[in-house]
Amino acid sequence: FKTFNDGERLIDKTKVTCVRWVPGSVNQFLCSHHSGNMYLYNDELICTQDRPHYQLFKEGEGFSIYTCKTKTTRNPLYRWSLGDMAINEFAFSPCSKFLAVVSQDGFLRIFNFDTMDLIGSCRSYYGGLICVCWSPDGRYVVCGGEDDLLTIWSFSERRVVARGAGHKSWVTVVAFDPYTTLYGEMDGVVMHNEESYNRNNYNSTERSGKVRNKPPIINSRPNSVVSDGLNATCYRLGSVGQDTLLCLWDLKDDYLRQSYYRPRSSTVVSNVGSDGCPSNNTIAHSSSLSANSTQNCNKSSNHVKDANNSTGPPSALSSNSLTAKLASLNFVDRRGGDKTSDKDHKRSMSLAGRNSSSNLHKKDSRSNNCSSAAEGDVSSPSFGSKSSVGTSQCPRMDECPLLEPLVSKKIGHERLTGLVFREDCIVTACQDGCIHTWCRPGKQAGAALHSSPSPSSAGISQPLAAGGTVV
Amino acid sequence: MGANASQLEKEIGSDQFPANEHYFGLVNFGNTCYINSVLQALYFCKPFREKILEYKAKNKRNKETLLACLADLFYNIATQKKKVGTIAPKKFIARFRKENVKFDNYMQHDAHEFFVQLIDSINECILEKQQAGRNRQQQPQIIPTNQEDISSETLTPDQQNILNDVSLNGSNTAPGSPHGQQQQQGTDRQQENTWVHEIFQAIVTRELRCLNCESVRSTDEVLNNLSVEVHQNTSITHCLRCYFTTETISAENKVHCDNCASLQEHQKRTRLKKLPSILVLHLKRFQFLGQFNRPLKLSHRVVFPLELRVFDTSDDAVNPDRLYDLAAIVVHCGTGINRGHYFSIVKSHRFWLLFDDDLVDKIDPSYIEDFYGLTSEIQKSSETGYILFYQARDPT
């Protein structure tokens with residue numbers, strides 16, 4: 001039992017807003033405060049009762065990082081300062097390399113945690129951002145805030161790709177449901193992750209949790225989903241808010257890839273093509289990526305090769321290049337034949353209508369790819385204009401696709417404060433201290449209610465919509 | 001009082017105290033907190049204060065109008081030697097009561113009603129002055145005061161059951177055409193834009209689209225503030241979205257379309273066409289409910305962010321994604337419209353201050369959460385945000 005920042009609160013006097021173990025480390029944890037600072041602690045070092053003296057370690061646009069001015073290492077190891085507005089939540093990417101931070105100033109900031117570089121940001125439509133999470137494959141970051149919206153940010157494109165409107169008040173928690181996310185396999189057949197597969201996944205994360213031997217604060221999202229060569233085609237996302245609503249959303253991958261700024265950057269699609277997963281290359285040299293993608297447009301075989309050489313999906317950080325190869329191959333495959341997306345149609349009820357039109361977009365943009373690949377890239381990593389509306393960091397409402405929830409259900413009388421997807425249930429928490437566990441529907445229920453080819457893909461939505469099954 | 005004042009100064013710190021800024025409480029003359037709270041909120045709406053002080057500078061010796069009294073009061077606060085203290089808005093209140101019979105008593109009144117009345121009166125003063133300047137012979141032809149307009153409007157049957165409906169907003173409704181077919185004089189005056197219009201005026205456009213021939217008829221309504229319905233556990237964003245609705249009129253409610261020369265299904269849309277530089281949002285927390293004779297207070301929890309944009313703007317809106325910052329909140333405490341207490345919370349420079357009549361306190365912004373409302377329906381009394389003042393953050 002140890003305490004940090006106790007006694008006179010010499011490190012930070014404001015309230016703690018979020019604590020997480022640093023994934024992949026045995027003794028480090030990160031803690032954010034209302035003051036707008038985050039502190040990295042090592043739990044093996046005792047917290048001494050003297051005021052830390054900081055010295056600047058690294059500085060970037062809108063943030064600065066300090067270390068303690070001491071001969072011996074002491075806590076906090078680092079202080080990340082993101083301005084004077086409260087940091088509301090942060091989340092490590094599934095590959096544990098990146099850190100997404102949302103704060104009251106309305107910004108989502110994505111850092112490379114190790115190099116401490118700011119690699120991307122976006123802004124809420126207005127008001128503070130309250131919550132943040134990563135898609136299980138690390139491709140998308142979703143945040144919710146005081147604009148009652150979800151903001152979906154694409155890692156590879158470094159821009160807001162969609163917003164979600166359905167909440168009637170502030171969004172307090174967003175979480176992906178890895179168990180009902182649909183994955184496409186390399187041969188182009190869409191497959192819902194079977195229960196057995198799921199269980200494997202679950203166990204593996206549990207095991208890794210044990211290895212780390214830490215309390216369950218560990219960000220234990222199954223990271224390994226993609227490393228099997230599967231490509232998510234439809235993400236299931238849940239959100240809860242102060243409006244007491246639980247909303248479930250389907251984020252269709254090919255829908256999110258549509259470029260919405262038709263006149264300016266139909267090119268983004270091509271970039272995604274080149275790095276189906278966030279590429280390390282992009283982070284380091286954005287200019288070289290633009291070169292890459294131009295190349296890619298010319299020869300698609302080249303393109304796959306490039307992706308293998310220069311990019312590694314963060315979700316499969318430790319994995320081999322084979323994974324990346326499979327992933328990219330799969331992607332090219334899917335774009336070639338629309339066999340898969342046809343199947344998607346049947347499955348996703350929420351976006352079926354839009355999808356047909358979005359396929360048109362896709363074709364359009366494909367033909368434009370080569371011509372404007374370079375300019376599209378230029379616009380992405382510029383943080384200078386990030387605060388103004390109408391940029392890729394904060395598009396206008398009509399410049400960005402607006403999603404609606406698949407299901408929206410009032411599940412209580414008090415505002416909701418917690419949401420966790422588990423293999424067999426969904427757990428929600430609310431302000432008055434109640435925790436509810438919601439059963440996922442059995443396979444039978446799903447089969448009865450859905451005509452989709454794979455009954456298990458029916459998802460958890462129906463019973464909830466029908467009135468809920470409380471356990 | 002004195003102790004409080006010096007404490008405030010200490011709390012802010014003399015080096016931190018904004019230059020040329022004065023934080024003065026207003027003395028309560030018996031249930032005048034509804035006036036004090038709105039005055040403080042307006043004082044800290046920068047464009048409004050600047051215009052009032054500008055008026056004062058231009059019109060040193062003037063006949064006593066309500067505007068002149070307000071200008072004197074603001075000037076009095078702005079030119080105090082001390083940074084903090086209290087002031088008695090005696091002259092202003094006396095003048096206001098004299099001009100408005102309804103408020104000429106010691107009862108508690110609705111702060112929103114006061115706000116509407118005040119803005120209208122000021123506008124009248126400016127227009128009168130403009131007219132006097134232009135046409136000296138015709139000068140004192142007394143124009144019917146706006147108060148009469150309002151009270152007659154309130155009597156329309158569909159508004160009797162809902163207190164504080166749109167008609168109370170001092171709106172100049174112009175049915176039929178954008179500029180209306182009101183009396184000649186009224187139209188003349190409406191077309192003249194005063195700075196009051198520039199600051200507060202929102203234009204709401206109601207479109208009626210025939211679903212058969214796609215022809216669109218639209219009517220504009222000029223409002224000084226938007227009165228939104230409140231719902232439990234929602235945000236002001238949602239309340240605004242409900243205000244700007246889209247509905248389809250069909251079946252027996254079909255409307256005659258001139259173009260089709262027959263009854264047709266229509267789509268009705270309400271959108272914001274002109275975004276004001278100060279967006280005043282009134283939460284309709286006092287409502288008559290069937291069996292009760294008096295308005296009940298809805299203490300619903302309605303959250304309001306420090307920043308705001310309006311979603312439902314019309315296609316021809318000039319500045320549709322104008323970003324607003326919360327500048328002031330008028331808070332109502334208590335159970336009913338004619339009882340309880342008002343105070344205001346304002347943002348001044350980097351500080352949030354609470355003005356409760358003669359008391360002024362620096363508060364932590366997180367304290368604002370306490371005034372969102374209640375999630376339980378049991379308690380009748382509550383301290384809730386009632387009028388929100390959002391100020392446009394325009395690039396300068």
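Across all chains, the structure holds 0 disulfides. The model is predicted. Two cysteines, A:Cys430 and B:Cys213, illustrate the disulfide count below. A four-stranded open sheet in chain A follows.

**Cysteines**

- The cysteine sulfur closest to that of A:Cys430 belongs to A:Cys434. The two sulfurs lie 4.9 Å apart, too far for a bond.
- A disulfide needs two cysteine sulfur atoms within 2.5 Å, so A:Cys430 and A:Cys434, at 4.9 Å, form none.
- A:Cys430 counts as buried, because its relative accessibility is 8% and the cut-off for buried is under 20%.
- B:Cys213 is in no disulfide either. Its nearest cysteine sulfur is that of B:Cys260, 3.4 Å away.
- B:Cys213 has a relative accessible area of 28%. That makes B:Cys213 partly exposed, whereas A:Cys430 is buried.

**Sheet in chain A**

- The open sheet has 4 strands, in the order β7-β8-β9-β10. Pairing is antiparallel.
- Its edge strands are β7 (87-92) and β10 (117-123) of chain A. Each of these pairs on one side only.
- On average, neighbouring strands of this sheet are turned by 20° against each other, direction ignored.

**The β7-β8 pairing**

- Strand β8 of chain A covers residues 98-103. It is joined to β7(A) by 5 bridges.
- The strands β7(A) and β8(A) run antiparallel.
- Within this pairing, A:Ile87 stands opposite A:Ser103 in β8(A).

Key. Residues are numbered from 1 along each chain as its sequence is written. Chains are lettered from A and ligands numbered from 1 in the order in which they are written. This is a predicted model: local features need pLDDT of at least 70, side-chain atom pairs count only at pLDDT 80 or more; totals for chains, interfaces and linings use all residues. Side-chain values use heavy atoms; hydrogens and water are left out. Two strands pair if DSSP finds at least two bridges between them. Helices (H or I, at least four residues) and strands (E, at least two) are DSSP runs, numbered from the N terminus. Axes are lines fitted to C-alpha atoms, for helices over the stretch in contact, and angles run from 0 to 180 degrees between N-to-C directions. Buried means under 20% relative accessible area, exposed over 50%, partly exposed in between (1.4 Å probe, protein chains only).
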